[in-house]
Structure formats: structure tokens, C-alpha cells
Amino acid sequence: MSAAAAPVKPAPTTKGVVAFLKIPKDGAPYLAGSKCSKCGEVVVGTRDVCGKCGARKGVEAIKLADTGKLYNYTVVHRNFPGVPVPFISAIVDLDGGGTLKGNLVGVEPDPAKIKFDMPVKVVIREVPQKDKDGNSYLAYFFEPKA
Ligand SMILES: [Zn+2]
């Protein structure tokens with residue numbers, strides 16, 4: 001009986017917490033979207049077909065803007081054990097198109113200090129947790145734009 005080679009564990013890497021957070025080999029991480037060349041619709045993530053006009057050709061991968069405006073939010077006071085609360089779960093309309101949910105940081109979770117339509121910027125940073133294989137993860141957040 002021959003000894004089987006021990007499985008080689010890949011070296012830990014840094015990954016995006018969501019598929020649309022891209023980490024290029026060269027350059028800064030970014031949020032990826034799709035733009036329809038027929039109707040101009042912009043959405044978060046990659047699509048083969050336009051959800052607005054139904055075009056099956058001409059939907060192209062784009063880099064989404066790293067700025068936008070706060071569309072809506074909620075202050076979350078209860079969550080899973082270990083998740084610090086309160087925090088602000090926000091919905092942001094990105095400049096140039098695309099709408100997504102994420103946490104708004106850098107402002108107190110107090111409705112008196114949060115304004116609808118306030119300009120925000122997308123910040124991408126490593127989260128402190130690693131998975132069981134030692135991989136680290138980048139996540140995106142929104143911060144008030146100075
Ligand atoms: Zn379209």
C-alpha cells in the first residue's frame with residue numbers, strides 16, 4: 001500500500017465577504033457592478049441579462065462608484081450573540097447607479113445625527129475575524145463624506 005500524499009492546504013488569502021467585492025492583484029479593492037449598454041441600468045454584482053429592459057447582450061462589468069447618498073437606514077439594537085449593537089444598517093444609492101445595503105460607520109447610531117440623502121463614501125477594510133483556514137476578509141462600509 002502506497003502512502004497517499006498529504007493534502008496540501010492552500011496558503012491563507014484575503015477574500016471579499018461578498019462576491020461583488022473584488023480584490024484585483026494590482027490596485028485597490030472595489031465594488032463591482034453591471035451596466036446595461038441599451039438602457040443604462042446599473043446594478044450591483046454581475047449580470048448576464050438586464051433586469052430592467054431584458055437585454056441579453058451588452059450588459060458590461062463596471063467598477064461602481066465609491067461615493068453615494070444615504071437612501072434609508074435603521075438602527076439595529078438586537079442581533080446574534082457576539083455582534084456588537086447598536087449599529088446602523090443603511091441603504092445607499094451609489095453615485096452613477098447601483099443601490100446596496102451595508103453598515104454606516106463613523107457616525108453615532110442616533111437618528112438626530114443621521115440625515116437622509118447625506119453624502120457617504122464606501123470604505124473597504126479588513127474585518128478582525130478570520131475563518132478556520134486563516135483566511136482574512138475585506139468588507140465594505142459606508143462613512144459620512146467630509
Ligand atoms: Zn437594460
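Which residue in S10 is the bridge partner of Val-123? In this predicted model, local features need pLDDT of at least 70 and side-chain atom pairs count only at pLDDT 80 or more, while totals for chains, interfaces and linings use all residues. Residues are numbered from 1 along each chain as its sequence is written. The partner of Val-123 turns out to be Phe-141 in S10, and a look at the overall fold helps to place this pair.

The protein has zero helices and 10 strands; helices (H or I, at least four residues) and strands (E, at least two) are DSSP runs, numbered from the N terminus. Read from that end, the order of elements is β-β-β-β-β-β-β-β-β-β. The protein is more spread out than a compact globule, because its radius of gyration is 19 Å, well over the 15 Å that the globule rule gives for 146 residues. Here the radius is taken over C-alpha atoms, and the rule is 2.2 Å times the number of residues to the power 0.38. Along the principal axes, the C-alpha atoms fill a box of roughly 70 × 45 × 25 Å.

Burial and contacts add to this picture. Of the 146 residues, 16% count as buried, a label that requires 20 or more other C-beta atoms within 10 Å of a residue's own, with C-beta atoms placed from the backbone. Among contacts with a separation of 6 or more, 46% involve residues 24 or more positions apart; a contact means that two C-beta atoms, placed from the backbone, lie within 7 Å.

Back, then, to strand S10 (residues 136-144), which runs parallel to strand S1 (residues 14-16) and is joined to S1 by three bridges. Two strands count as paired if DSSP finds at least two bridges between them. Thr-14 stands opposite Ser-136 in S10. Strand S8 (residues 99-104) also runs parallel to S10, with two bridges joining them, and Asn-103 stands opposite Phe-141. Phe-141 thus faces Asn-103 and is also the bridge partner of Val-123.

The pairing of S10 with strand S9 (residues 119-130) is antiparallel and spans eight bridges. Val-120 stands opposite Pro-144 in S10. The hairpin of S9 and S10 has five residues between the strands, and Gly-134 takes a positive phi near 85° there. Strand S9 is also joined to strand S6 (residues 67-76), again in the antiparallel sense, by three bridges. In this pairing, Lys-69 has Pro-119 in S9 as its bridge partner.

How values were computed:
A residue is buried if 20 or more other C-beta atoms lie within 10 Å of its own, exposed if 12 or fewer, and partly exposed in between; C-beta atoms are placed from the backbone.
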